[in-house]
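Open the structure in your viewer and keep the sequence panel at hand. The stops below say what to select and what is there.

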Amino acid sequence: MFFRFVVNRRLFPSSALRLPQLKRRYMKKLLIAAIALLIAVPCYSQSSIENGFSPEAGAEALVLKSIDSARQTIRMAAYSFTSPQVMRKLLDAKKRGVDIMIVVDEKGNKSKASRAAMNLVVNAGIPLRTISTYTIHHDKYIVVDGMHVETGSFNYSQSAARRNSENVIVVWNNPELASSYLGHWQSRWDQGVAWRSEY
């Protein structure tokens, strides 16, 4: 009681509202300000990082997880493009309505397996372009929903998953990084040539 009396007497004139009334008034204003801040500022989860290695420690699983996480868009840049597991996940994403676009190295995808994979995704309605502008288009990354980036040495191939020593990293919830990768992806897409299905 003494503390409450001192606060009232020293900080507020005798005509001021009592402390409990002030608390209610300022708590209400604070709540309104907090709600306005939540509406005004985009709400992103905290950025986090996962990594994996092949052939022994989950590199392919992490690539597949990143594709599975997509709800809106996938933008993929690839050198080698032959992995049946990656193809399946891309087709699954397409079936659930994800907008997918892929650009791959032209010279590195002349094999029968590569052509079959490219035919498969194009026939499923996924646009794919090949790029021959550079000595090698050695990019290997996926941008998911404009928020998440998967990258590393991992080619989207059986060899990368089963035989090679490779690494994968996924940066989750980082729209600034994703935007940088999307700019690079768009520049390569613009230089590419649309792949036409062979059957």
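A residue counts as buried when its relative accessible area is under 20%, and as exposed when that area is over 50%. The model on screen is predicted.

**Stop 1: helix H7**

Select residues 175–191, which form helix H7. H7 has 17 residues and reaches 24 Å from its first C-alpha to its last, close to the 24 Å expected at 1.5 Å a residue. Now show the side chains of Pro-175, Ala-178, Trp-185, Arg-188 and Trp-189, which are buried. These residues lie on the same side of H7, because they cover an arc of only 135 degrees around the axis.

Which exposed residues does the face turned away from the buried side of H7 carry? Select Glu-176, Ser-180 and Asp-190 to see them.

**Stop 2: what covers H7**

Return to the buried residues of H7 and add the strands that help cover them. Among them are S2 (73–78), S3 (99–105) and S4 (128–131). S5 (141–144) and S6 also belong to this cover.

**Stop 3: strands S3, S4 and S8**

Keep S3 and S4 on display; they pair in the parallel sense over four bridges. For one bridge, pick Ile-102, whose partner in S4 is Leu-128. Then trace the chain from S3 through helix H5 (residues 112–123) to S4: this β-α-β crossover is right-handed.

Next add strand S8, residues 193–194. S4 and S8 run antiparallel and are joined by two bridges. Pick Thr-130 here; its bridge partner in S8 is Val-193.

**Stop 4: Ser-66**

Move to helix H3 (residues 59–68) and select Ser-66 within it. Is Ser-66 buried or exposed? With a relative accessible area of 2%, Ser-66 falls under the 20% limit and is therefore buried. Leaving out residues up to four places away in sequence, Ser-66 touches Ile-142, Val-144, Glu-150, Val-170 and Trp-172.

**Stop 5: Asn-155**

Finish in the loop between strand S6 (148–152) and helix H6 (158–162), where Asn-155 is found. Asn-155 has a relative accessible area of 12%, under the 20% limit, so this loop residue is buried as well. What is Asn-155 in contact with, leaving aside its neighbours within four places in sequence? Display Tyr-79, Ser-80, Lys-140 and Ala-160 to see these contacts.

Definitions and conventions:
Residues are numbered from 1 along each chain as its sequence is written. This is a predicted model: local features need pLDDT of at least 70, side-chain atom pairs count only at pLDDT 80 or more; totals for chains, interfaces and linings use all residues. Side-chain values use heavy atoms; hydrogens and water are left out. Buried means under 20% relative accessible area, exposed over 50%, partly exposed in between (1.4 Å probe, protein chains only). Contact means heavy atoms within 4.5 Å. The expected span of a helix is 1.5 Å times one less than its number of residues. The arc is that of the directions from the helix axis to the C-beta atoms. Two strands pair if DSSP finds at least two bridges between them. A crossover is right-handed if, with the strands pointing away from the viewer, the path from the first strand over the helix to the second runs clockwise.
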